[in-house]
Amino acid sequence: MSIADRARQVLPGGTTRTTVFVPPHPPYAVHGEGAIVTDHRGHQVIDCNNNYTSLIHGHAHPDVLQAATEAAWSGTAFGLPTASEVTLAEHLRERTGIEQWRFCNSGTEAVLMLLRAARAHTGRDLIVRFEGSYHGTGDAVVSPGAPGVARSVSDSVLVLPQNDLEALTAAMRKHGDRIAAVLIDLMPNRAGLNRADYEYVAKLRALTRQYGALLAVDEVITFRLREGGLHQEYGLQPDLVSVGKVIGGGFPVGAIGGRAEVLSPFVPQTPGAVSWGGTFSANPVTMAAGITALGLFDSQKIAELNRRGDELRSRLHDAGVAVHGSGSLLRLIAPDPTEVWWSLYRRGVLCGTNGLLALSTAMTPTHIERVGQAVIDAIDPKDTAQQSQ
Ligand code: PMP
């Protein structure tokens with residue numbers, strides 16, 4: 001029996017993650033090293049998925065592995081804090097200027113924690129977020145009326161079109177004094193990896209201040225684009241941020257950051273404090289890997305990787321491929337992402353199931369050249385031109 005057949009018997013649809021499923025069934029990874037993944041049939045691909053943007057240094061980076069292994073030999077998890085969570089929080093503070101941090105195990109959990117913090121801090125219920133943006137799988141951030149989500153959840157969430165100033169102003173005027181937070185991804189992947197307008201974001205900051213709502217930026221994907229996250233490019237001071245992916249060096253992670261005053265509901269001694277545990281939160285293996293991975297990803301490395309991404313995007317664009325994104329994150333816009341996925345996979349490139357390409361520092365110029373050629377060969381520019389209109 002094939003592994004896919006075995007999987008279908010014990011996992012619904014044969015998969016654990018909807019986000020890695022491609023019909024009829026994805027290949028299985030058996031080995032990752034640097035920029036290359038080998039599947040169960042021995043086929044090798046250049047990894048442009050990088051576990052959905054999280055493997056900033058590709059697979060099995062020796063320094064990251066050494067840090068994680070050393071940590072693991074001293075114990076993988078404790079019912080006590082370890083110094084490593086303090087070190088990673090200090091590192092994040094230095095990169096971002098954001099005062100305090102709390103760790104968890106995924107971006108989904110970080111967004112849940114962020115919303116809880118915002119509601120606890122403001123004493124308000126309503127959350128504003130934007131159409132098409134993905135913030136993980138929490139009830140409040142999936143589509144209103146999504147199967148399995150209580151209808152009442154949508155009463156506490158307002159979904160607006162991003163970059164529509166009129167809609168934002170009207171919503172703030174009507175509901176502003178009930179809004180705990182506005183949650184924005186400045187370059188939402190699912191919505192096509194298009195950036196939020198600068199003017200719009202400035203107005204959003206002003207309006208949230210005016211109405212006493214918090215401005216929360218989801219940097220789970222975009223953190224890799226600048227030393228302290230994409231919001232720095234906007235000159236923006238968010239009240240809360242959620243991060244994940246690259247900050248865990250390839251291990252499960254999430255975190256929120258904010259001013260001490262905003263995160264004060266989590267202070268255990270406070271009367272009425274928000275109680276938030278997490279058996280594996282801030283485990284020393286993730287923390288050690290994250291500290292090492294981020295240490296190897298300074299502003300020079302970030303700029304270099306972004307430059308390579310910009311060059312690849314220009315090349316694809318010049319070849320007639322519809323491609324969005326910024327820096328090291330690219331998004332192919334094609335009518336049938338599954339067809340593109342398989343077409344690229346056969347040509348030796350692994351992308352996201354929605355056409356996302358995320359570069360890693362493990363890629364050489366030759367890898368990137370091969371990725372560019374594979375995309376040009378895999379995509380018919382006529383199709384993508386129609387799609388992007
Ligand atoms: N927020 C954003 C912007 C994301 O892109 C994602 C995941 N791709 C999440 C939150 C959820 O993160 P995780 O998959 O680690 O739960």
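Domain bounds here come from an automatic or database domain assignment.

**View 1. Two domains make up this predicted model.** Domain 1 takes in residues 3-60 + 298-388. Domain 2 covers residues 62-295. Their centres, taken over C-alpha atoms, are separated by 25 Å.

**View 2. Domain 1 and domain 2 are in contact.** On the domain 1 side, 26 residues take part. They meet 21 residues of domain 2.

**View 3. The ligand takes up the space of the largest pocket.** Residues around the ligand include Ser106, Gly107 and Thr108. Tyr134, His135 and Gly136 are also among them. So are Asp185, Asp218, Val220, Ile221 and Lys245. Sorted by class, this shell has three nonpolar, five polar and three charged residues.

**View 4. Gly107, Thr108 and Lys245 each place an atom by the ligand.** Gly107 uses its backbone: an N or O atom there lies 2.8 Å from a ligand oxygen atom. Thr108 uses its side chain, with an N or O atom 2.7 Å from an oxygen atom of the ligand. Lys245 has a polar side-chain atom 2.8 Å from a nitrogen atom of the ligand. How much of the ligand's accessible area does the protein cover? On its own, the ligand has 390 Å² of accessible area, and the protein covers 82% of that.

Conventions:
Residues are numbered from 1 along each chain as its sequence is written. This is a predicted model: local features need pLDDT of at least 70, side-chain atom pairs count only at pLDDT 80 or more; totals for chains, interfaces and linings use all residues. Side-chain values use heavy atoms; hydrogens and water are left out. A residue is near a molecule or strand if one of its heavy atoms lies within 4 Å of it. A polar contact is a pair of N or O atoms within 3.5 Å; within protein, one must be able to donate a hydrogen and the other to accept it, and residues adjacent in sequence count only if both atoms are side-chain atoms. Accessible areas come from the Shrake-Rupley method with a 1.4 Å probe; for residues, only the protein chains shown count as cover. On a 1 Å grid over the protein atoms alone, a cavity is a set of points where a 1.4 Å probe fits but cannot get out, and a pocket is an open set with protein on both sides within 12 Å along at least five of seven lines; lining residues have an atom within 4 Å of a point. A molecule sits in a cavity or pocket if more than half of its atoms lie within 2 Å of its grid points. Ala, Val, Leu, Ile, Met, Phe, Trp, Tyr, Cys and Pro count as nonpolar, Asp, Glu, Lys and Arg as charged, and the others, Gly among them, as polar. Contact means heavy atoms within 4.5 Å.
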